[in-house]
Every structure is written in structure tokens, then in C-alpha cells.
Amino acid sequence: MAEGRDLPHRIRSEISRIFRYGIKEGLCKSDPAKDLIGAIPAPVEKHFASITEPVKVSEMLRALDGFSGTFTVLCALKLAPMLFVRPGELRQAEWPQFNLEKGEWRYLVSKTKTEHLVPLATQAIAILRELHSLTGQGRYVFPGARSRLRPMSDATINAALRRLGYDTRTEITGHGFRAMARTILHEELGHKPEVIEHQLAHAVPDKLGSAYNRTKFIRERRVMMQEWADYLDRLKAGAEVISITART
């Protein structure tokens, strides 16, 4: 999507590069594409659809539990909001990356190629242990439907959400679970933005200039991930929704 919105700018840049070469070779005197700088509208950033209202999250979590597809996809649907990693990182997760005894998942962030650590709540460990009996003999935690030698398709999570009745353009996408967690962890549970951003594997420069450290705030992140999983359980059960309704 971003490439499509950037296309006019990239075309102008390529045309300008051609004319600059022509000027250098004496084939032309000016670069008319240069006059278009500032004339082409900047691409509008499009955010991934997400649900950030606890009451609606509660409804969605119960809907996820009712998914009637394969057990592997059901597990992915349950873990996606709980771990809030990038969808590609979840679907390509490999069993050797997990230490269920320590409650850790370590992998390379696809976007930055930096090491990342995801503390696993007890609920996540329970799901993974159950799934291990089905897919644990292979490389991928979520193998593809056609071949266990490949991870499940990048369209699987969104297809499952659509199957449950959600519009992935306007309501929720697999990537939208990240915005959901970021918003609610801060606004409802009171966790610090810098701790949340580190768990999201975002680069957050500090006073020392270090942009990202996989173990920074690790104690706070372990507590946060367990509190998040517990909160999602309360939402799914409706208890937290009743509390929210009472407060309003």
C-alpha cells in the first residue's frame, strides 16, 4: 500500500535522474521534473485498522474463541493479540526460538534484523504447549496447510478475521493487534510508553543514544505481558467490561 502511494514521487525521481544524466552528457540543458518537487502531494499515511475500545475487544476475543477452522490457526488467532508481534513474525515463528521453561521467545525482528525477546505469559505458554503436540516435530510453529515445510500464508490471519465477520480494511487486521495493545496497555493499565515501545521492538533513542536493546526494561516487560494476558482473560470473561461500564 505504501509503495502505491509513493509511486508518483518515485517516478518523478527516476525522470529527474534521467534528465540529470542528459545534462551531464550535454544532451539537454535542464531538468523539467525538478519543477514538480513540492507539487506532488505527500503520501497520506494509512494506519492499520484496529480495535482499541475494551468493550469491543471483549466481543472480539469471544469471537476468536469461536473460530471453527484448524487448531493451528485458532492458536495463532489467540496468540496474535496476546503477543502483539508483527504478523509476519508470528506466522514464521520457529520452535527452536522458544524456551517454554523460561517463558521466552527470541527471534530476529524482520524490519530491523535486530534480536528481540518476547516474555511469554502463562496463558501463551499453555497454548504453545498444546500446539507443540501437533506441530512440534517440525520447524514452524504454524506450518502451512499445504506443506509443513513452509509457514502458514501471510493472508491466513486476516482471512480468519474476515471469516469471523470482521472487515480487515476498517475494523481489525492482524497488524492492528499491535495498536490495540499499545493503546490499552497505556490508557487502561497504565504502563509506561517506553516500556510498551520496547516490547513492540520499536527504536526509542534514550539519553545514551542506544536506539533499541532487546533486554531493556525486561523485568517491567515480563510483568506487563502477564498483566496483559490476565487483562485479556478478564475482558473475554466480561468481568472487566462490567467494571468499565460501572465506572462510566
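Student: Which residue in strand 3 is the bridge partner of Arg-106?

Tutor: In this predicted model, strand 2 covers residues 104-108, and strand 3 covers residues 115-119. Five bridges join the two strands, which run antiparallel. In strand 3, the residue bridged to Arg-106 is Leu-117.

Student: Which residue in strand 3 is the bridge partner of Trp-105?

Tutor: Strand 2 and strand 3 are antiparallel, and Arg-106 is bridged to Leu-117. For Trp-105, the bridge partner in strand 3 is Val-118.

Student: Which residue in the turn of the hairpin formed by strand 2 and strand 3 has a positive phi?

Tutor: Six residues lie between the two strands of this hairpin. A positive phi of about 60 degrees is found in the turn, at Lys-113.

Student: Which strands are the edge strands of the open sheet?

Tutor: The sheet consists of three strands in the order 1-2-3, with antiparallel pairing. An edge strand here pairs on one side only. That description applies to strand 1 (98-99) and strand 3 (115-119).

Student: Is strand 3 largely enclosed or largely open?

Tutor: Strand 3 pairs on one side only, and helix 9 (residues 218-237) lies across strand 2 and strand 3. The helix runs at about 45 degrees to strand 3. Because four of the five residues of strand 3 are buried, the strand is, with respect to the rest of the structure, largely enclosed.

Student: Which helix supplies the largest share of the largest nonpolar core?

Tutor: This core has 57 residues, and those with the most contacts inside it include Trp-105 and Trp-228. Several elements each supply at least two of its residues, among them strand 2, helix 5 (122-135) and helix 9. The largest share, nine residues, comes from helix 3.

Student: Which residues does Trp-228 touch, not counting residues up to four places away in sequence?

Tutor: Trp-228 is one of the residues with the most contacts inside the largest nonpolar core. With residues up to four places away in sequence set aside, Trp-228 touches Pro-81, Met-82, Phe-84, Met-180, Ala-181, Ile-184, Leu-185 and Leu-189.

Student: Does Thr-168 count as buried or exposed?

Tutor: Thr-168 is located in the loop between helix 6 (156-163) and helix 7 (176-187). Beyond four places in sequence, Thr-168 is in contact with residues including Ala-49, Asn-158 and Thr-173. Its relative accessibility is 12%, under the 20% cut-off, so Thr-168 counts as buried.

Student: With which side chain does the side chain of Thr-168 make a polar contact?

Tutor: The contacts of Thr-168 beyond four places in sequence include Leu-161 and Arg-162. At 3.1 Å, the side chain of Thr-168 makes a polar contact with that of Arg-162.

Methods
Residues are numbered from 1 along each chain as its sequence is written. This is a predicted model: local features need pLDDT of at least 70, side-chain atom pairs count only at pLDDT 80 or more; totals for chains, interfaces and linings use all residues. Side-chain values use heavy atoms; hydrogens and water are left out. Buried means under 20% relative accessible area, exposed over 50%, partly exposed in between (1.4 Å probe, protein chains only). A polar contact is a pair of N or O atoms within 3.5 Å; within protein, one must be able to donate a hydrogen and the other to accept it, and residues adjacent in sequence count only if both atoms are side-chain atoms. Contact means heavy atoms within 4.5 Å. Two strands pair if DSSP finds at least two bridges between them. Axes are lines fitted to C-alpha atoms, for helices over the stretch in contact, and angles run from 0 to 180 degrees between N-to-C directions. A nonpolar core is a set of buried Ala, Val, Leu, Ile, Met, Phe, Trp, Tyr and Cys residues joined through side-chain atoms within 4.5 Å.
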